[in-house]
Amino acid sequence: MDYECVIGLEVHAQLLTYSKLFCSCATTFQADPNDQTCPVCLGLPGVLPVLNRQAVELTLRTGLAMQGTVATSNRFARKNYFYPDLPKGYQISQFEEPLIEGGCLNIEIDGTTRQVCLNRIHLEEDAGKSIHGENLADPNKSYVDLNRTGVPLMEIVSAPDLRSPAEARVYLQKLKTVLEYLDVCDGNMEEGSLRCDANVSLRPVGTETLGTRTEIKNLNSFRNVQQAIAYEMERQRGVLENGASVVQETRLFDAARGVTLPMRSKEEAHDYRYFPEPDLVPLQIEPEWIERVRQSIPELPDARRQRFVSQYGLPAYDADVLVASRAMADYFEATVELFPQPKIVSNWVMGDFLRELNQAHHRPDEAPVSPTRLAELLRLIDEGTISGKIAKTVFEDMYRTGKGAGDIVAEQGLVQMSDSDALREVIEQVLAGHPEQLAAYRAGKEKLLGFFVGQTMKATQGKANPAMVNTLLRQLLQ
Amino acid sequence: MSDGHIIISEEQVAHVARLARLGLDADEQRRLTDQLNTILTYMEQLSEVPTEDVEPTAHVFDLVNVYRADETGRRAGGTSLASQEAALSNAPETEQHFFVVPRIVE
């Protein structure tokens, strides 16, 4: 039987706030253990949570940008479970009344656009972090750091609209980009500010009823999302083809082995006994606030891609690559402002610039070569001061040293040779130095023109103006 | 002993105890079931109050929209409101500024 895969993703995005969701502790990553805590997030008796307004604002911005509906009246709920990194014994979350209902995200798959529906977006607090056993010290102990406890998370729950591991990956990548554009989450999966759980089930092709699903946790990279779902699909297919039933359970992805494994039952107790959080009053989001947030939504990647094509005349491919990261698109636009030849800028940004960024693991805004510096380099090429070939070396030096293009060109004497008398002299020497090749050329072996060009470039350490070398060579070889 | 009115069974008490990781022996389990039934039976009197004309409430105060600004604490030289030392001071065991608990996963 042919099966169809049905996937829904639950994405936890850490909101870019300064302070935690219900107290004034900082949210900084990698502080000293338990140094960013207070009686509220430590769950000490007699304390009261007070909601961070900015966390609500960022969730509203996300929901509105994805065409969701803001629930005008909503409240928080307690999700009860026992775990050492959850000091209160419950997580403050939202259950029956999430802040945002519905919404959608468009993704591009094989050149076509697909709309993925969202079920809801709600606000909740994060739990702490545990390090187990010998990873810190004693193999028989676990070690708990509560700095992350109470950090605001937005949980974005998609409908079961995704049909393949690749689609799930594309959806997550798109979601990350949109969150980055909205400035609500830094999207750093390694540091855990974007985390993903996948609900996966199979059903016979052509049927509508959903099959029994498993939930895969611990997916901390795009690659893992795709791999884990692909593995889980095949595992479930095997179960079904053997005539057995898929067991509804939570599974963990083991990235090293590329497999999903059932979580131990003792870690899992899906009996959360939700009830309304009595320590927090309900929210009634005023229409004025919603309107204000709606006005503040910046240009999103799809709109920016279209504008890059229409305003700058870029090929769709270039526009895609550039808008995939807001910082990259900003870098491109800042450079074009100073050097208004968009396609040339695009080539450099997608080529040499991106390569250096990847090697150095820099974000565009951390690069030693600023848009101003790149524009300066491009002007030197445009004015004929340096050749395009030498510019590539100059760019590498700029990136390595942080110096300007002009300084590097002056220091290393890289100014292009465009003096025709001087060039003619060099070429005459080259021809005189290679009598055999010259004779062969004159006898009809015209391919040797390239050889002479090469020798001339070599004789000038690459500084000769290539167009002039070509013209002069042809004249002298006549 | 309660008056024999059963609202919560011994199995439910065992289940809730497990969720809270409380290790109850058979005696404790029986005793707590009785006590909980006494309490719940007493609380059941509330269901005699007529509530047809009462709006559902999520909170005892007639208040909505209580927020704080997104600002961090101002403890000198740091960003949190409790010192790390104070945060850890009630812990039975600490190690390199972590709370220490029995190993959670194998």
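The following exchange asks how a few statements about this predicted model are justified.

Me: Why is A:Cys5 called buried?
Reply: A residue counts as buried when its relative accessible area is under 20%, and because the value for A:Cys5 is 3%, this residue belongs in that class.

Me: Why is A:Cys5 not in a disulfide with A:Cys196?
Reply: A disulfide requires two cysteine sulfur atoms within 2.5 Å, whereas the sulfur of A:Cys196, the closest one to that of A:Cys5, is 13 Å away, and therefore too far for a bond. The structure as a whole holds zero disulfides over all chains. A:Cys117 is likewise in no disulfide, with the nearest cysteine sulfur, that of A:Cys104, 6.4 Å away.

Me: Why is A:Cys117 called partly exposed?
Reply: The class lies between the limits of 20% for buried and 50% for exposed, and A:Cys117, at 32% relative accessibility, falls between them, so the term partly exposed applies.

Me: What makes both faces of strand β5 of chain A count as covered?
Reply: In a regular strand the side chains alternate between the two faces of the sheet. In β5(A), which spans residues 77–80, A:Ala77 and A:Lys79 on one side are buried, and A:Arg78 and A:Asn80 on the other are buried as well.

Me: How do you know that β5(A) pairs with β17(A)?
Reply: Pairing needs at least two bridges between the strands, and β5(A) and β17(A), residues 275–276, have two bridges in the antiparallel sense, with A:Arg78 opposite A:Phe275. With β6(A), residues 90–93, strand β5(A) forms four bridges, also antiparallel, and there A:Lys79 has A:Gln91 as its bridge partner.

Notes
Residues numbered from 1 in each chain as written. Chains lettered and ligands numbered in written order. Predicted model: local features only at pLDDT ≥ 70, side-chain atom pairs only at ≥ 80, totals over all residues. Heavy atoms only, no water. Buried < 20%, exposed > 50% of the residue type's maximum accessible area, 1.4 Å probe, protein only.
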